[in-house]
Amino acid sequence: MSGADSSQGPGWWQASDGKWYPPEQTPAAAPPVPAPPTAPVAPGPAPTGPAPTGPGTANANADNNQAGFFARLFDVSMKTFITPSIIKVLFILGIAAISIFSLILLIAGAQADGGIVLILLAPLYWFIGVLYLRVILEVIVVLFRIEENTRGNR
């Protein structure tokens, strides 16, 4: 029996071809997909010791965090980076410097005759300065993440 153009009663179902079919022609539900077999676990103690590190391993970035700040600072081989760990400090210092300069603009504008321009430019300078600083620091972080992700491809 071919499908109908409209439902003929309760239990009728509409197929993907847009036709309606009686309940007795309902396709059987697909059987559940069995889980893939897992390899048997050998009895015994779990492996101990540090995980392997080096190029191409997930722990390659951990080397940057394991070495101390001064060890990374004076690493002449440049295998560990210091910038990702101090980027937040650089952002805070940059915001502080931009804020101080904006405050100087406000004070200078308040003391000068016709300084309304400086007073209006100070918040604009602050906003654009912080935005620019953030974008530049994000580009630096992205470059370091690219290096981390491509470290295993060498």
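A residue counts as partly exposed when its relative accessible area falls between the buried range, under 20%, and the exposed range, over 50%. Arg134 has a relative accessible area of 42%, so Arg134 is partly exposed. We will come back to this arginine after a look at the whole chain. Please keep in mind that the model is predicted.

Let us start with the overall plan. The chain has four helices and two strands, and from the N terminus on these elements run β-β-α-α-α-α. There are 154 residues in the chain, and 18% of them count as buried. We can also ask how contacts are spread along the sequence: among contacts between residues at least 6 apart, 37% join residues at least 24 apart.

Now for the inside. The largest nonpolar core is made of six residues, namely Ile87, Phe91, Ile98, Val130, Leu133 and Leu137. Helix 3 and helix 4 each contribute at least two residues to this core. A general tendency fits here: in soluble globular proteins, nonpolar side chains tend to be buried together. Val130 is a good residue to look at in the viewer. Setting aside its neighbours within four places in sequence, Val130 is in contact with Phe91, Ile95 and Ile98.

Phe91 leads us back to Arg134. Arg134 lies over the face of Phe91, at 5.5 Å from the ring centre. Arg134 also has a charged partner: it forms a salt bridge with Glu138, in which the closest N and O atoms are 2.6 Å apart. Both residues of this bridge, Arg134 and Glu138, lie in helix 4, four residues apart, which is about one turn of the helix. Glu138 has a relative accessible area of 38%, so Glu138 is partly exposed too.

The structure holds two salt bridges. In the other, Glu147 is joined to Arg151, with the closest N and O atoms 2.9 Å apart. The side chains of Arg151 and Glu147 also make a polar contact, at 2.9 Å. Arg151 sits in the segment after helix 4, a helix that spans residues 116-150. How exposed or buried are the two partners of this bridge? Glu147 counts as buried because its relative accessibility is 16%, and Arg151 is buried as well, with a relative accessible area of 11%. In general, side chains of opposite charge can pair when their charged atoms come close.

Ser102, in helix 3, gives us another buried residue to visit. The relative accessible area of Ser102 is 5%, so this serine is buried. Its side chain reaches the backbone oxygen of Ala122 at 3.5 Å. Leaving aside neighbours within four places in sequence, the residues in contact with Ser102 are Ala122, Tyr125 and Trp126.

Aromatic rings come next. The structure holds three aromatic pairs. One of them joins Phe69 and Phe70: their ring centres are 5.2 Å apart and their planes stand at 85 degrees, so this pair is edge-to-face. Phe69 is partly exposed, with a relative accessible area of 37%, whereas Phe70 is exposed, at 57%. Another pair is formed by Phe81 and Phe144, whose ring centres are 5.0 Å apart; because their planes are at 75 degrees, this pair is edge-to-face. The pair links distant parts of the chain, since Phe81 is in the loop between helix 2 (69-73) and helix 3 (83-111), Phe144 is in helix 4, and the two are 63 residues apart. Phe81 is partly exposed, with a relative accessible area of 23%, while Phe144 counts as buried at 17% relative accessibility.

Our last stop is in the loop between helix 2 and helix 3, where Met78 is found. What is the sign of phi at Met78? Phi of Met78 has a positive value, near 55 degrees, in a residue other than glycine. Most residues other than glycine have a negative phi. Met78 has a relative accessible area of 59%, so this methionine is exposed.

Key: Residues numbered from 1 in each chain as written. Predicted model: local features only at pLDDT ≥ 70, side-chain atom pairs only at ≥ 80, totals over all residues. Heavy atoms only, no water. Polar contact = N/O pair within 3.5 Å; in protein donor to acceptor, adjacent residues only side chain to side chain. Phe/Tyr/Trp six-rings, centres within 6.5 Å; stacked < 30°, edge-to-face > 60°. Buried < 20%, exposed > 50% of the residue type's maximum accessible area, 1.4 Å probe, protein only. Lys NZ or Arg CZ within 6 Å of the ring centre and 35° of its normal. Core = buried A, V, L, I, M, F, W, Y, C linked by side-chain atoms within 4.5 Å. Contact = heavy atoms within 4.5 Å. Salt bridge = Lys/Arg side-chain N within 4 Å of Asp/Glu carboxyl O.
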